[in-house]
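Student: Could you walk me through this one? I'd like to go piece by piece.

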Amino acid sequence: MNVAATTDDTEHDEHTGALAPPGARRRGTGRIAMAVSAFGELLITAGLVLGLFVVYSLWWTNVVADHKADQQGDKVRDHWAAQQDTGPGALDTREGIGFLHVPTMKNGEVLVEKGTSSKVLNDGVAGYYTDPAKATLPMSGKNGNFTLAAHRDGHGAKFHNIDKVRKGDPIVFETKDKWYVYKVYAVLPETSKYNVKVLSSIPEESGKKKAGKYITLTTCTPVFTSRYRYVVWGELERVEQVDSERTPPKELG
Amino acid sequence: MYSFIWRHLPGNAWVKALISLVLVAAVVYVLFQYVFPWAEPLLPFNDVTVDNQ
């Protein structure tokens, strides 16, 4: 009996003496430590996700958009080549109406498609406005404003270098059978995003009072944000016929 | 959180590391494919047009 009791006691002692107090202490501080480390891990995770979002918006969207734009651009060029024999056919606006070349932006050729919704622009193209003011297409031959928008960052970032464009720089719009050569005559480096007047057929803010054939490029500014809009205006200088080799006008040489 | 996942992955350290890599890749894929494209229009970084709204 005695022996059994001592054994019980020692066992009991061992349990309480050796395990319980450290266990209790571990549980007490352990909970806080665990909560802190879980919170820390959450913060690290959030940081990583935000970092990934930057990678996504500044790199991945460009990869996707450039791929899409190349595909669609090739399709338009193939289409033009196929139409060569049959003469000018109906204008397919869904595929893209032509290519914009702005040598100062050093971005090669930018496919121009209809509309300025993000669905259109996210494919790495420039879109011509249908809303709030409808763009006057240069092919129509009418006076008006050929208004375009494209991304400044991500999704191809086609107008990223718009701030490099100066007065007198050429903007060339290429269609199936014409080169429309515009010359930049005014730049508005910052305006409200509600300033739809910049899209008017006679953009008065650019200093023009008379009707003419204008081109307007809009994008967001400053870079990486959309607080304001950056606007570049050009006026049609001349129209060149596309020759059989598609020799670009001297502005693109 | 991460140590909890690590402890519950099967296999030895190499297998665990491999599964972790696959898991990370899957998470990145889901983020790039679904979460970011959804979140992007909600953030004011990429509006390039002028409009009345």
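**Loops, strands and a partner chain**

Student: In which loop of chain A does H155(A) lie?
Tutor: Helices and strands here are DSSP runs (H or I, at least four residues, for helices; E, at least two, for strands), numbered from the N terminus. On that numbering, H155(A) sits in the loop between strand 4 and strand 5 of chain A.

Student: How far can I lean on the numbering and the model?
Tutor: Residues are numbered from 1 along each chain as its sequence is written, while chains are lettered from A and ligands numbered from 1 in the order in which they are written. This is a predicted model: local features need pLDDT of at least 70 and side-chain atom pairs count only at pLDDT 80 or more, whereas totals for chains, interfaces and linings use all residues. pLDDT is the predictor's confidence in each residue, from 0 to 100. For chain A, 85% of the residues score at least 70, and the average pLDDT is 85.

Student: Where in chain A is confidence lowest?
Tutor: At the high end, strand 5 (residues 170–174) of chain A reaches 95. Residues 1–20 of chain A stay under 50. The lowest mean, 76, belongs to helix 1 (residues 2–86) of chain A.

Student: Back to H155(A): does it count as buried or exposed?
Tutor: H155(A) has a positive phi of about 50° although it is not a glycine. A residue is buried if 20 or more other C-beta atoms, placed from the backbone, lie within 10 Å of its own, exposed if 12 or fewer, and partly exposed in between. H155(A) has 26 C-beta neighbours inside 10 Å, so it counts as buried.

Student: And R246(A), buried or exposed?
Tutor: R246(A) also has a positive phi, near 55°, and lies in the segment after strand 8 of chain A. With 12 C-beta neighbours inside 10 Å, R246(A) counts as exposed.

Student: Which strand does strand 4 of chain A join over six bridges?
Tutor: Two strands pair if DSSP finds at least two bridges between them. Strand 4 (residues 144–149) of chain A is largely enclosed by the rest of the structure, because six of its six residues are buried. It pairs antiparallel with strand 3 of chain A over two bridges, with G127(A) opposite A149(A). The six bridges, in the parallel sense, go to strand 7 (residues 213–221) of chain A.

Student: What is omega for the cis peptide bond of T221(A) and P222(A)?
Tutor: P222(A) is in the loop between strand 7 and strand 8 of chain A. Another cis bond joins D131(A) and P132(A), with omega about 5°. For T221(A) and P222(A), omega is about -10°.

Student: What radius of gyration does chain B have?
Tutor: Chain B has two helices and zero strands, and its C-alpha trace spans about 60 × 15 × 10 Å along the principal axes. The globule rule is 2.2 Å times the number of residues to the power 0.38, with the radius taken over C-alpha atoms. A compact globule of 53 residues would come out near 10 Å, but chain B has 19 Å.

Student: Which helix gives the largest share of the side of chain B that touches chain A?
Tutor: Residues are in contact if their C-beta atoms, placed from the backbone, lie within 7 Å. The contact takes 17 residues from chain B and 30 residues from chain A. On the chain B side, the largest share, four residues, comes from helix 2 (residues 13–39) of chain B.

Technical notes:
Two residues are in contact if their C-beta atoms, placed from the backbone, lie within 7 Å.
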